[in-house]
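Hi everyone, thanks for making time for this. I'd like to walk you through one structure, starting out in a loop and working inward. Here it is on the screen.

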Amino acid sequence: MKLEIALGSNMAINLIVGANGLIGTSIRKSLRNKKQSFKGFSFSRTNTNLTTLDINDLEKTNTILGQQEGKNIYLCSNFPGGVNIVEKNAAQATHFYLDATINIGQVCKNKKKKLIFISTDYVFADSNTPLDEKSPTSPLNVYGRLKVLAEKWIQENLND
């Protein structure tokens, strides 16, 4: 998987929430290649280079991220077990994908940090036509609906 992301200036410190997952690992690699500094956070499978963070603990997440000097927060956490588990645990998934995203978004807003939110193609209906960010959303499952709700909150509440 090749991940192309718009990276901030070389002077910015980047915070990566979900740094040990597939996308978080790609972002860490991209930042390293660009010689940009970062601090990574992970719920599980942490190593000595990552700090443990449970984004379901809204108060602790707010405190920890709010105290960091980073200018950019990459939010790429994923619910353990994937899309099928989300369907069976909608209430927990809502807390994870929507409540935690809003909480982290509020940290960004209050501390003047930029939020880089990683979404999914699950926000679109099954389609054989090419899609982009401006294509209408029509999620087919709980996971896609929660990502759409998180995207809408971000668009309506954050300037950066």
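Let's begin with Thr 137, which sits in the loop between S5 and H5. For the labels, helices (H or I, at least four residues) and strands (E, at least two) are DSSP runs, numbered from the N terminus. Before I go further, a word on where this comes from: it is a predicted model, where local features need pLDDT of at least 70, side-chain atom pairs count only at pLDDT 80 or more, and totals for chains, interfaces and linings use all residues. Residues are numbered from 1 along each chain as its sequence is written, and side-chain values use heavy atoms, with hydrogens and water left out.

Back to our loop. Is Thr 137 buried or exposed? Neither, quite: Thr 137 counts as partly exposed, at 36% relative accessibility. The scale is buried under 20% relative accessible area, exposed over 50%, and partly exposed in between, with a 1.4 Å probe and protein chains only. Thr 137 and Phe 124 are 13 residues apart along the chain, and their C-alpha atoms are separated by 4.8 Å. If we leave aside neighbours within four places in sequence, Thr 137 is in contact (heavy atoms within 4.5 Å) with Val 123, Phe 124 and Val 148.

Now for the inside. In soluble globular proteins, nonpolar side chains tend to be buried together. Here, the largest nonpolar core has 29 residues. By core I mean a set of buried Ala, Val, Leu, Ile, Met, Phe, Trp, Tyr and Cys residues joined through side-chain atoms within 4.5 Å. Those with the most contacts inside this core are Val 17, Leu 65, Ile 73, Tyr 97, Ile 104 and Leu 115. Several elements give two or more residues to it: strands S1 (14-17), S4 (72-75) and S5 (114-117), together with helices H2 (58-67), H3 (83-88), H4 (90-111) and H5 (142-157). Which gives the most? That is H4, with eight residues.

Take Ile 104 as an example. Leaving aside neighbours within four places in sequence, Ile 104 is in contact with Val 17, Ile 55, Thr 61, Leu 65, Ile 73, Leu 75 and Leu 115. Apart from this core lies another, of nine residues, with Ile 16, Leu 50, Tyr 74 and Ile 118 among them.

One partner of Ile 104 is worth a stop: Thr 61, which lies in helix H2. Thr 61 is buried, with a relative accessible area of 0%. Not counting residues up to four places away in sequence, Thr 61 touches Leu 53, Asp 54, Ile 55, Gly 66, Asn 103 and Ile 104. Along with Thr 61, the residues Ile 64, Leu 65 and Gly 66 are buried in H2. The buried residues of H2 pack against S1, strand S2 (38-42), S4 and H4.

For those of you who like voids: a search of the whole structure finds one cavity of 30 Å³ or more. A cavity, on a 1 Å grid over the protein atoms alone, is a set of points where a 1.4 Å probe fits but cannot get out, and lining residues have an atom within 4 Å of a point. Grid points are joined across faces, edges and corners, and the volume is the space filled by probe spheres set on the points. About 60 Å³ of space lies in the largest cavity. Its lining includes Ile 55, Tyr 97, Thr 101 and Lys 147, and H4 supplies the largest share of that lining, three residues.

Cysteines next. How many disulfides does a search of the whole structure find? Zero, where a disulfide is a pair of cysteine sulfur atoms within 2.5 Å. Cys 76 is in no disulfide, and the nearest cysteine sulfur, that of Cys 108, is 13 Å away. Cys 76 is buried at 9% relative accessible area, and Cys 108 is buried too, at 2%.

Let me finish back outside. Asp 160, in the segment after H5, counts as exposed at 53% relative accessibility. Asp 160 and Cys 108 are 52 residues apart in sequence and 8.6 Å apart in space, C-alpha to C-alpha.

And one for the backbone enthusiasts: Lys 112, in the loop between H4 and S5, has a phi near 55°, a positive value in a residue other than glycine. Lys 112 counts as exposed, at 71% relative accessibility. Thanks, and I'm happy to rotate the model for anyone who wants another look.

How values were computed
On a 1 Å grid over the protein atoms alone, a cavity is a set of points where a 1.4 Å probe fits but cannot get out, and a pocket is an open set with protein on both sides within 12 Å along at least five of seven lines; lining residues have an atom within 4 Å of a point.
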